[in-house]
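Morning, everyone. Let me walk you through one structure today. Please have it open while I talk.

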Amino acid sequence: MKPLFDFLLKLCILSVILWGIVYWGIDRYALDVGSVFVAWIMMAGNTLIGYLLFEYAFEKEQAVFTKVVLGGLVLRLAVLMIIVAVIIVRQLVVVSDFVLSFFAFYCIYVILEILGYQNRNKQKKKVA
């Protein structure tokens, strides 16, 4: 359970830092907070689901692990693409702020997800 706690702690700390940057940039760059918030919720949820799928599949056999992790990745990206398309077509947010925030959060949170995978693998090696 410790790797999950570490991951959630890092996710929270990173989110606080990113929101500090967003609030710093609101006045300077006239950001729409609602658009940034929607992008953040989508990416934080995506990252959390991805790590939970990894945790679920970690002790499973290789075939199950591959199906869960890679299948989950494909499914998560498909769902994100559909949600982004709906948001843009229906103009539910300021598109430029949303897209910029979406890609920035995606790049940052994917790094956090990969680091979480690596930390989990390192902890298994120490136990073995």
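**Charged pairs along the helices**

Let's start at Asp6. At a relative accessibility of 22%, Asp6 counts as partly exposed, because the cut-off for buried is under 20%. Keep in mind that this is a predicted model.

What does Asp6 meet? The side chains of Asp6 and Lys2 form a salt bridge, 3.3 Å from N to O. Both residues sit in helix α1. They are four residues apart, about one turn of the helix. Lys2 is exposed, at 54% relative accessible area.

Now, the helix itself. Helix α1 covers residues 2–29, so 28 residues in total. From first C-alpha to last, α1 reaches 39 Å. That is close to the 40 Å expected at 1.5 Å a residue. Which α1 residues are buried? Pro3, Leu4, Phe7, Leu11, Leu14, Ser15, Leu18, Trp19, Val22, Gly25 and Ile26. Just after α1 comes Ala30, with a positive phi of about 50 degrees.

Back to the charges. How many salt bridges does the structure hold? Four. You have already heard about Asp6 with Lys2. Next is Arg120 with Glu55, where the closest N and O atoms are 3.1 Å apart. Arg120 lies in helix α4, residues 95–127, and Glu55 in helix α2, residues 33–57. So this pair ties together parts that are 65 residues apart in sequence. Is Arg120 buried or exposed? Arg120 counts as buried, at 15% relative accessibility.

Arg120 has another partner. The side chains of Glu59 and Arg120 also meet in a salt bridge, at 4.0 Å from N to O. Again, the pair links distant parts of the chain. Glu59 is in the loop between α2 and α3, Arg120 is in helix α4, and they are 61 residues apart. Glu59 is exposed, with a relative accessible area of 54%. Put these together: salt bridges with shared partners join Glu55, Glu59 and Arg120 into one network.

Stay in helix α4 for a moment. Glu113 is located there. Glu113 is buried, with a relative accessible area of 5%. What is Glu113 in contact with, beyond its neighbours within four places in sequence? The residues are Phe7, Thr47, Gly50, Tyr51 and Arg76. You have met one of them already: Phe7 is among the buried residues of α1.

Next, the record. UniProt, in an unreviewed entry, lists residues 7–26, 38–58, 70–92 and 98–117 under "transmembrane region". How do such spans look in the model? Residues 7–26 are 100% helix and 0% strand. Their end C-alpha atoms are 28 Å apart. The span 70–92 is 87% helix and 0% strand. There, the end C-alpha atoms lie 30 Å apart.

Last, confidence. The chain has a mean pLDDT of 91. Of its residues, 96% reach 70 or more. Which element has the lowest mean pLDDT, and which the highest? Helix α4 is lowest, at 88, and α3 is highest, at 96. Remember that α4 is also where Arg120 lies.

To recap: Glu55, Glu59 and Arg120 share one salt-bridge network, and Asp6 pairs with Lys2 within α1. Thanks for listening.

How values were computed:
Residues numbered from 1 in each chain as written. Predicted model: local features only at pLDDT ≥ 70, side-chain atom pairs only at ≥ 80, totals over all residues. Heavy atoms only, no water. Helix = DSSP H or I, 4+ residues; strand = E, 2+ residues; numbered from the N terminus. Expected span 1.5 Å × (residues − 1). Buried < 20%, exposed > 50% of the residue type's maximum accessible area, 1.4 Å probe, protein only. Contact = heavy atoms within 4.5 Å. pLDDT = per-residue confidence, 0-100. UniProt positions renumbered as here; feature names shortened; annotations may be inferred.
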